[in-house]
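Work through the exercises below with the structure open. Each task is followed by a stepwise solution.

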Amino acid sequence: MSEPVVPVCPRHPDRVSYVLCQRCERPCCPECQVQAAVGVQCVDCVRSQRSAAPRTALGARLRGGPPVVTYTVLGLCVLVFVAQLVGDGLWARLGFIPALAGLEPWRFLTSAFLHSEGSWFHILANMYLLWLVGPMLEELLGRLRFAALYLCSALGGSVAVLLLSPPVMADGQLQWSGFLGVTIGASGAVFGLFAALFMILRRLERSTSQIVVFVAINAVLGFVLPNVSWQGHLGGLVVGGLLGAAFAFAPRERRTLVSWGAVVGVLVLLAVVARWRLAATADLLGPGYAEYLKVVLGA
């Protein structure tokens, strides 16, 4: 008579387990068990199920349900706008002011969640455009890549404002340009979404004419209408286009590496450009200019 075979976990042969996976019926120790609707499954079966889940053309897992990231950004913008109406001077404390970028770097991002209190059209237009393209991009890219695209585009808009609105010397006089101005709004991030959508539609061989018309019209309006930050639009457009191209044209077998490598690369590039502009401004105005201007601006 032979001795009965003792069941052991395939991943941990030194562990005896009488619990079987409901799918492959192999023994699985407590560390390798994942609770299922009925019984348990081993981690290998759970991983294979996830990899076999239906995905979009850009590799995102089809989740179904509402676009969580899009609705979260919409909600945050609306809540901040209400806080602006109730509070006093929130735009001055959180809006992007190039002169204070070195001292208060959070302004690079917080400015994208603020909107003009004097014109409801500002927030309504941005939120409508976000609602128009956000769910589509979030489904194609997945939540994480979509969130990265939106936030990086917002940062790109602020960095472009810093880069293209420097103080300059002209005829012996210091010209401040937009260096002391306040920039607010989600327009840079929204422009980034449209640029990414353009790249994705090109990858999918779909028509991009509507995207081109939209960007062209708004680019012209940025130079015609007052108080419109064409610099922020341009920065968001460039960053969104770069990330959109990386997400759309990355090889399938290296999609994750290329996508997140592009995100890290864009963030590093933005940091280098911002650091260079701040250093050049300090050379022109002196190292203590930011502290002085903070007192002058009362920020």
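**Exercise 1. Characterise the salt bridge between Arg11 and Asp44.**

Step 1: distance. The closest N and O atoms of Arg11 and Asp44 are 3.2 Å apart. A salt bridge here is a side-chain nitrogen of Lys or Arg within 4 Å of a carboxyl oxygen of Asp or Glu.

Step 2: position. The pair links distant parts of the chain, 33 residues apart. Arg11 sits in the segment before β1 (33–35), and Asp44 sits in helix α1 (residues 43–51). Helices (H or I, at least four residues) and strands (E, at least two) are DSSP runs, numbered from the N terminus.

Step 3: exposure. Arg11 is partly exposed because its relative accessible area is 42%. Asp44 is partly exposed too, at 26%. The cut-offs are under 20% for buried, over 50% for exposed and partly exposed in between, with a 1.4 Å probe and protein chains only.

Step 4: basis. This is a predicted model in which local features need pLDDT of at least 70, side-chain atom pairs count only at pLDDT 80 or more, and totals for chains, interfaces and linings use all residues. Residues are numbered from 1 along each chain as its sequence is written, and side-chain values use heavy atoms, with hydrogens and water left out.

**Exercise 2. Find other salt bridges, and say which residues they join into one network.**

Step 1: total. The structure holds five salt bridges.

Step 2: a pair within a helix. Arg47 also bridges to Asp44, with the closest N and O atoms 3.4 Å apart. Both residues lie in helix α1, three residues apart, about one turn of the helix. An α-helix has 3.6 residues a turn, so residues three or four places apart point the same way.

Step 3: a buried pair. Arg107 and Glu104 meet through their side chains at 2.5 Å, N to O. Arg107 counts as buried because its relative accessibility is 1%. Glu104 is buried as well, at 7%.

Step 4: network. Shared partners join Arg11, Arg26, Asp44 and Arg47 into one network.

**Exercise 3. Describe the largest nonpolar core and the elements that build it.**

Step 1: members. The core has 58 residues, and Leu137, Leu149, Leu193 and Leu243 touch the most other members. A nonpolar core is a set of buried Ala, Val, Leu, Ile, Met, Phe, Trp, Tyr and Cys residues joined through side-chain atoms within 4.5 Å.

Step 2: elements. Two or more residues come from each of α2 (68–86), α5 (120–141), α6 (143–164), α7 (187–203), α8 (209–224), α9 (230–249), α10 and α11 (289–297). The most come from α6, with nine residues.

Step 3: one hub. Leu243 touches Ala148, Leu149, Cys152, Ala262, Val263 and Val266, not counting residues up to four places away in sequence. Contact means heavy atoms within 4.5 Å.

Step 4: the other core. A second, separate core of nine residues includes Cys9, Cys28, Val40 and Val43.

**Exercise 4. Check the span of α10, then follow the helix to its end.**

Step 1: span. At 1.5 Å a residue, the 31 residues of α10 should span 45 Å. The expected span is 1.5 Å times one less than the number of residues. The end C-alpha atoms of α10 are 45 Å apart, which agrees.

Step 2: buried positions. Among the buried residues of α10 are Arg255, Ala262, Val263, Val266, Arg277 and Thr281.

Step 3: the end. Leu285 belongs to α10 (residues 255–285). Leu285 is partly exposed because its relative accessible area is 22%. Its contacts beyond four places in sequence are Pro167, Leu174, Trp176 and Phe179. Pro167 is 118 residues from Leu285 along the chain, yet their C-alpha atoms are separated by 8.7 Å. Just after α10, Gly286 takes a positive phi of about 105°.

**Exercise 5. Which elements give two or more residues to the nonpolar surface patch?**

Step 1: members. Leu164, Val220, Phe223, Val224, Trp230, Leu234, Val238 and Leu242 form the patch, with about 730 Å² of accessible area together.

Step 2: criteria. Patches are made of residues with over 30% relative accessible area and no salt bridge; like charges are joined within 9 Å, nonpolar side chains (Val, Leu, Ile, Met, Phe, Trp, Tyr) within 5 Å. Areas come from the Shrake-Rupley method with a 1.4 Å probe; for residues, only the protein chains shown count as cover.

Step 3: elements. The contributors of two or more residues are α8 and α9. The largest share, four residues, comes from α9.

Step 4: one member. Leu234 lies in α9. Leu234 counts as partly exposed because its relative accessibility is 37%.
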